[in-house]
Amino acid sequence: MDRDTLAARIDHTVLGPTTTPADVERVVEEATEYGMNVCIPPCYVADVRSYAPDDLTVATVVGFPHGQHAPAAKAAEAELAHEDGADELDVVANVGRLKAGEFDAVRADLEAVVDATPLPVKVIIETPLLDDDDEKREACRAAEDAGADMVKTATGFSDGGATVPDVELMSEYLPVKASGGVGDYEDAQAMFDAGAVRVGASSGVNIVETFEE
């Protein structure tokens with residue numbers, strides 16, 4: 001893998017509750033310089049589209065960070081993100097319904113988002129909150145049955161993040177975005193070796209720079 005290929009597989013991320021416009025501008029500048037994508041809060045998507053390069057891939061989040069929005073609210077959020085110029089959506093699955101065994105409800109919730117726009121949808125299954133592989137498999141099946149394009153390990157706001165075993169399991173169902181705790185190139189390479197096609201990280205610059213070292 002060369003530098004440009006690596007950078008294109010990184011979603012350089014800023015999603016914290018105190019994220020300011022200046023924080024987003026910094027991430028956009030860094031992503032543009034290094035050839036990465038960005039993943040930003042939905043309230044800033046329209047702003048970014050007013051100044052960022054047209055070829056910058058802009059992902060945003062839906063139902064973030066807990067996934068407990070009503071399905072109609074998630075669908076509306078997806079539609080607005082599309083109108084504002086987002087290229088991809090990262091939607092949080094309803095983990096509470098998943099853990100209750102309400103798998104049809106989880107699928108329908110995700111399907112509402114998938115059907116709301118033509119944008120690629122990544123489903124965040126929040127692996128740190130799932131107790132065992134059976135729950136992870138049910139989450140991946142729900143995402144697959146809903147027509148999602150990818151599954152993503154975590155929001156980064158629960159204790160824990162992407163692990164090699166989780167990525168290996170999830171990649172049996174859909175392409176995987178490994179997110180949570182990916183801090184440098186060594187971490188990213190472990191995720192790619194496990195089957196991930198994308199990583200999400202606030203440390204995108206460090207991932208690229210440690211690759212170059």
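A residue counts as buried when its relative accessible area is under 20%, and Asp90, with a relative accessible area of 0%, is therefore buried. The structure described here is a predicted model.

**Salt bridges around Asp90**

Asp90 lies in strand β4 (residues 88-92) and Lys152 in strand β6 (residues 150-152), so that their pairing ties together parts of the chain that are 62 residues apart in sequence. The closest N and O atoms of this salt bridge between Asp90 and Lys152 are 2.9 Å apart. Lys152, with a relative accessible area of 2%, is buried. Asp90 also meets the side chain of Lys177 in a salt bridge, at 2.7 Å from N to O, and this second pair links strand β4 with Lys177 in strand β7 (residues 176-179), 87 residues apart. The relative accessibility of Lys177 is 0%, so Lys177 counts as buried.

These residues belong to a network of salt bridges in which Asp11, Glu88, Asp90, Lys122, Lys152, Lys177 and Arg198 are linked. By the rule applied here, the count of salt bridges comes to 20.

Another of the salt bridges joins the side chains of Arg3 and Glu212, with a distance of 2.3 Å from N to O; the pair connects helix α1 (residues 3-8), which holds Arg3, to helix α10 (residues 204-212), which holds Glu212, across 209 residues. Arg3 is partly exposed, at a relative accessible area of 24%, and Glu212, at 46% relative accessibility, is likewise counted as partly exposed.

The three pairs described above are set out in the following table.

| Salt bridge | N to O distance | Separation in sequence |
|---|---|---|
| Arg3 and Glu212 | 2.3 Å | 209 residues |
| Asp90 and Lys152 | 2.9 Å | 62 residues |
| Lys177 and Asp90 | 2.7 Å | 87 residues |

**Thr60 in strand β3**

Thr60 is part of strand β3 (residues 58-62), and with a relative accessibility of 0% Thr60 counts as buried. When neighbours within four places in sequence are left aside, the residues in contact with Thr60 are Ile40, Pro41, Pro42, Val45, Ala81, Ala86, Glu88, Leu89 and Asp90. Two of these residues, Glu88 and Asp90, are also members of the salt-bridge network.

**The contact of α6 with α7**

Helix α6 (residues 103-116) and helix α7 (residues 133-146) have axes that come within 8 Å and cross at roughly 40°. The two helices, α6 and α7, are therefore oblique to each other, and their crossing is right-handed. On the side of α6 the contact is made by Phe103, Val106, Arg107, Leu110, Glu111 and Val114, while α7 contributes Glu138, Ala142, Ala143, Asp145 and Ala146. Of the residues in this contact, 7 are nonpolar and 4 are charged, with no polar residue among them.

**Ala148 in the loop after α7**

Ala148 is found in the loop between α7 and β6, and its relative accessible area of 8% makes Ala148 buried. Residues up to four places away in sequence not being counted, Ala148 touches Val114, Val121, Val123, Ala143 and Leu174. One of these partners, Val123, is 25 residues from Ala148 in sequence, and the C-alpha atoms of the two residues are 6.8 Å apart in space. Val114 of α6 and Ala143 of α7, which are among the residues that make the contact of the two helices, are also touched by Ala148.

Terms used. Residues are numbered from 1 along each chain as its sequence is written. This is a predicted model: local features need pLDDT of at least 70, side-chain atom pairs count only at pLDDT 80 or more; totals for chains, interfaces and linings use all residues. Side-chain values use heavy atoms; hydrogens and water are left out. Axes are lines fitted to C-alpha atoms, for helices over the stretch in contact, and angles run from 0 to 180 degrees between N-to-C directions. Helices (H or I, at least four residues) and strands (E, at least two) are DSSP runs, numbered from the N terminus. Angles under 35 degrees count as roughly parallel, over 145 as roughly antiparallel, 65 to 115 as roughly perpendicular and the rest as oblique. A crossing is left-handed if the near helix is turned anticlockwise from the far one by less than a right angle, and right-handed if clockwise. Contact means heavy atoms within 4.5 Å. Ala, Val, Leu, Ile, Met, Phe, Trp, Tyr, Cys and Pro count as nonpolar, Asp, Glu, Lys and Arg as charged, and the others, Gly among them, as polar. A salt bridge is a side-chain nitrogen of Lys or Arg within 4 Å of a carboxyl oxygen of Asp or Glu. Buried means under 20% relative accessible area, exposed over 50%, partly exposed in between (1.4 Å probe, protein chains only).
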